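Hi,

Here is the structure I said I would pass on to you. Have a look at it first, and then read my notes below.

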Amino acid sequence: MAKMDNKSFMVCCANGAGSSLMMKMTLQKVLKKVGITPSKIHHCALSEGKSAASQYDVVFCARNFANMFADAKKKGTHVLGLRNIMSVDEMEKAMREEGLLD
């Protein structure tokens, strides 16, 4: 069992519509590739994400928004900012660098 199995993930974009949905699909590809079964993957706008982030184990967003999740990070949520939110390779690399993958 992967150490990230049954963990919750949230992906955020500015408005919570197109980009976050595509980022969610990218995350699903990464998790499938590395053999992780999440308990939940939620996509939303930054406005919702900032208040809900601490309820999730991992948050993904564009790199320029990552500092908006400082409070959640202090509470133990892993916040991963990405340059290219559609890149499977970048998302997997960020998870490895954060120590989330075996």
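Start in helix α4, where Glu97 and Lys93 are four residues apart, so about one helical turn separates them. The two form a salt bridge, with their closest N and O atoms 3.8 Å apart. Both ends of this pair sit out in the open: Glu97 is exposed, and so is Lys93. Keep in mind as you click around that this is a predicted model, so the distances here are computed from it.

How many salt bridges does the structure hold? There are four, and a couple of the others are worth finding too.

Take Glu92 and Lys33 next. Their side chains meet in a salt bridge, at 2.8 Å from N to O. Glu92 belongs to helix α4 (residues 88-97) and Lys33 to helix α1 (residues 18-34), so this pair ties together parts of the chain that are 59 residues apart in sequence. Are the two partners buried or exposed? Glu92 has a relative accessible area of 10%, and because buried means under 20%, it counts as buried. Lys33 comes out at 53%, which is over the 50% cut-off, so Lys33 counts as exposed. There is a bit more to see at this spot, since Lys33, Glu92 and Arg96 are linked in a network of salt bridges.

Then look at Glu90, which forms a salt bridge with Arg63. The closest N and O atoms of this pair are 3.8 Å apart. Here too distant parts of the chain are linked: Glu90 is in helix α4, while Arg63 is in the loop between β3 (58-62) and α3 (70-74), 27 residues apart. Glu90 is buried, at 16% relative accessibility, whereas Arg63 is exposed, with a relative accessible area of 53%.

Now zoom out to the whole chain. It has four helices and four strands, and if you read along the sequence, they follow the pattern β-α-β-α-β-α-β-α. The radius of gyration is 12 Å, close to the 13 Å that the globule rule gives for 102 residues, so the chain is as compact as a globular protein of that length. If you like to picture a box, the C-alpha atoms fill one of roughly 35 × 25 × 20 Å along the principal axes.

What share of the 102 residues is buried? The figure is 45%. As for contacts, take those between residues at least 6 apart in sequence: 58% of them join residues at least 24 apart. The accessible surface of the chain comes to about 5500 Å², and carbon and sulfur atoms account for 48% of that. On the charge side, you can count 15 positive and 10 negative side chains, with the centres of the two sets lying 3 Å apart.

One last residue to click on is Ser8, which is in strand β1 (residues 8-13). Its relative accessibility is 10%, and because that is under 20%, Ser8 counts as buried. What does Ser8 touch, leaving out residues up to four places away in sequence? The list is Ser39, Lys40, Gln55, Tyr56, Asp57 and Val58.

Have fun with it!

Cheers

Conventions: Residues are numbered from 1 along each chain as its sequence is written. This is a predicted model: local features need pLDDT of at least 70, side-chain atom pairs count only at pLDDT 80 or more; totals for chains, interfaces and linings use all residues. Side-chain values use heavy atoms; hydrogens and water are left out. Helices (H or I, at least four residues) and strands (E, at least two) are DSSP runs, numbered from the N terminus. The radius of gyration is taken over C-alpha atoms; the globule rule is 2.2 Å times the number of residues to the power 0.38. Buried means under 20% relative accessible area, exposed over 50%, partly exposed in between (1.4 Å probe, protein chains only). Contact means heavy atoms within 4.5 Å. Accessible areas come from the Shrake-Rupley method with a 1.4 Å probe; for residues, only the protein chains shown count as cover. Lys and Arg count as positive and Asp and Glu as negative; His and the chain ends are not counted. The place of a charge is taken as NZ of Lys, CZ of Arg, CG of Asp or CD of Glu.
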